[in-house]
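Here is a friendly briefing to read alongside the model. Please have the structure open as you go through the points.

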Amino acid sequence: MEAQKTNLYSYHKNLGAKFVSFAGYEMPIQYSEGIVKEHISTRTFAGFFDVSHMGQFYISGKNIEEALEKIIPTDLKGLKENQSKYSFLLNDKGGVIDDLIITRREKGFCIILNAACKENDIKQISKQLNDDHKFHLCTQTSLIALQGPKSAEILENYIKGVSSLKFMQGGTFNFENEKIYVTRSGYTGEDGFEISVLNTQAELLLKKLADSKVKPIGLGARDTLRLEAGLCLYGHELNEEINPIEANLKWAIGKKRREEGGFNGWEIIKKNLEKGTLKIRVGILPEGKIIAREGTKIFSTNDEEIGVVTSGTFGPSINAPVAMGYVNSSWSEVGTNIKLEVRGKKYEAKVAVLPFYKKSYAK
Amino acid sequence: MSEKKFSKKHEWVAVEGDIATIGITKHATEMLGDIVFVEVPDKGKSVEQNGQAAVVESTKAASDVYSPISGEVIENNKSIVDDPSSVNSDPEGASWFFKIKIKNNSELDNLMNKTDYDKFVAENPN
């Protein structure tokens, strides 16, 4: 299959992007300055990301909340217009089919889906629907993330009113005489926005941001930023064999749904909520400079294998290696000494508090 | 010191008497990106031609560094272990990886000179 390209491919190319194949798309992994500088620019000023490979899925119709609540374990009936929630699509065992952001719009919902999962997601969602329901995957708009402490100040210059949005809230605004939908959200641990902009205006928006000295950021820094922020990446921390309780994401289910259930995998999730899980996602800080990549085996101090690393890299803002992984729950307490097997040798590490990097979201 | 020689795996070697200094090329660092971890071989270790000898990691991934020729490690560069990013700034100078006592001079004949290496890189950019 030929790799797909986002609408902004040539724009990235002209900026000196290096590309990588990701979820069937040719995406920028980094630009000329490199991952560490892109990461630091985002944390100290602002950066923009083309995330148009992600699915922008719109769904509406009579009693759509009820249909979606079967596979999405969040309180959709209680979700107000323009409010967003982080949630999941769950399979029968409570395993995560995908993680997502769902926003109630004027009519129905908009769901942002992972690029690699979107086709299967739509198949799974369709199973819950009837003839009263309508959905489509929007291809008319690009999705741009603007992240970093200066995001609000900068974006306000071009899209009036966005700086009044609260974290996980969205709204329709005006950009160059066209409607534009903006949410205050992101995937870096910084304040920021995700902007659904017409394909025909996407490059113009990026040029304006670049005029304000905002740097383009590739998938490489997106990964180091989200990892420092302790955020899960589908296919690494999350998959169909892992449920949200094991992933330490029970907060995302919400109190009402945790108590009332009525979604896929509820029996298992309920049991896990009451009795705990066998394994759980934790943060890991290796000692020294050793980097524990995905697949690194985790051992207890008495050399019993207790888990595996799901993501690991160097964290530019904390200037140290960071990792996340799953360990047997009895070894999951923060501060627990563990060992990581890298290239045949065991290295000391500690279970650490997530996030590694403190967030600064707009409340 | 003699003219540097280069391997297809993007290592360089500079010979002085029976001692060879080994590092990775500027092109290698450009492909790797920001270097955040380096492991060099211990003194006294024997390395084989094209055998794994050191490790370099960028924010993206870990890569092995191979020894372009065989020999015994007599010195390693601890300063690049303490400051891996220095490999990006001076890969073909101060940020050498290790030095070996050369076992077999004829192995040097399999390596490229600067002109041939630059041509090789131009033909194999990735």
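The notes below go through the chain contact, a sheet in chain A, paired strands in chain B and one glycine. Please keep in mind that this is a predicted model. Chains A and B touch, with 12 residues of chain A in contact with 9 residues of chain B.

**Where the chains meet**

- On the chain A side, helix 2 (35-44), helix 7 (219-228) and strand 16 (305-315) are the elements that give two or more residues to the surface touching chain B.
- Sorted by class, that side of chain A has 4 nonpolar, 5 polar and 3 charged residues.

**An open sheet in chain A**

- Six strands of chain A form an open sheet, in the order 10-11-12-9-3-13, and the pairing is mixed.
- Strand 10 (170-175) and strand 13 (215-216) of chain A are found at the edges; each has a single partner strand, so one side of each is left without a neighbour in the sheet.
- Within this sheet, strand 11 (residues 178-183) and strand 12 (residues 192-198) of chain A run antiparallel and are joined by 3 bridges.
- If you would like a pair to look up, Val182(A) has Ile195(A), in strand 12 of chain A, as its bridge partner.
- Helix 2 of chain A, which also contributes to the side facing chain B, lies across strand 3 (47-50), strand 9 (141-147) and strand 13 of chain A.
- Relative to strand 3 of chain A, helix 2 of chain A runs at about 115 degrees.

**Paired strands in chain B**

- Strand 2 (residues 11-16) and strand 3 (residues 19-24) of chain B pair in the antiparallel sense, over 6 bridges.
- One of the residue pairs here is Glu11(B) with its bridge partner Ile24(B), in strand 3 of chain B.
- These two strands of chain B form a hairpin with 2 residues between them, and Gly17(B) in the turn has a positive phi of about 65 degrees.
- Strand 3 of chain B is also joined by 4 bridges to strand 9 (residues 98-102) of chain B, and this pair runs antiparallel.
- Across that pairing, Ala20(B) stands opposite Ile100(B) in strand 9 of chain B.

**A closer look at Gly283(A)**

- Gly283(A) sits in strand 14 (residues 279-286) of chain A.
- Is Gly283(A) buried or exposed? With 20 other C-beta atoms within 10 Å, Gly283(A) is buried.
- Beyond its neighbours within four places in sequence, Gly283(A) is in contact with several residues, including Gly230(A), Met324(A) and Phe356(A).
- Ala352(A) is another of these contacts: 69 residues separate it from Gly283(A) in sequence, while the C-alpha atoms are 4.9 Å apart in space.

How values were computed: Residues numbered from 1 in each chain as written. Chains lettered and ligands numbered in written order. Predicted model: local features only at pLDDT ≥ 70, side-chain atom pairs only at ≥ 80, totals over all residues. Contact = placed C-beta atoms within 7 Å. Nonpolar A, V, L, I, M, F, W, Y, C, P; charged D, E, K, R; others polar. Pairing = 2+ DSSP bridges. Axes fitted to C-alpha atoms, helices over the stretch in contact; angles between N-to-C directions. Buried ≥ 20, exposed ≤ 12 C-beta atoms within 10 Å, placed from the backbone.
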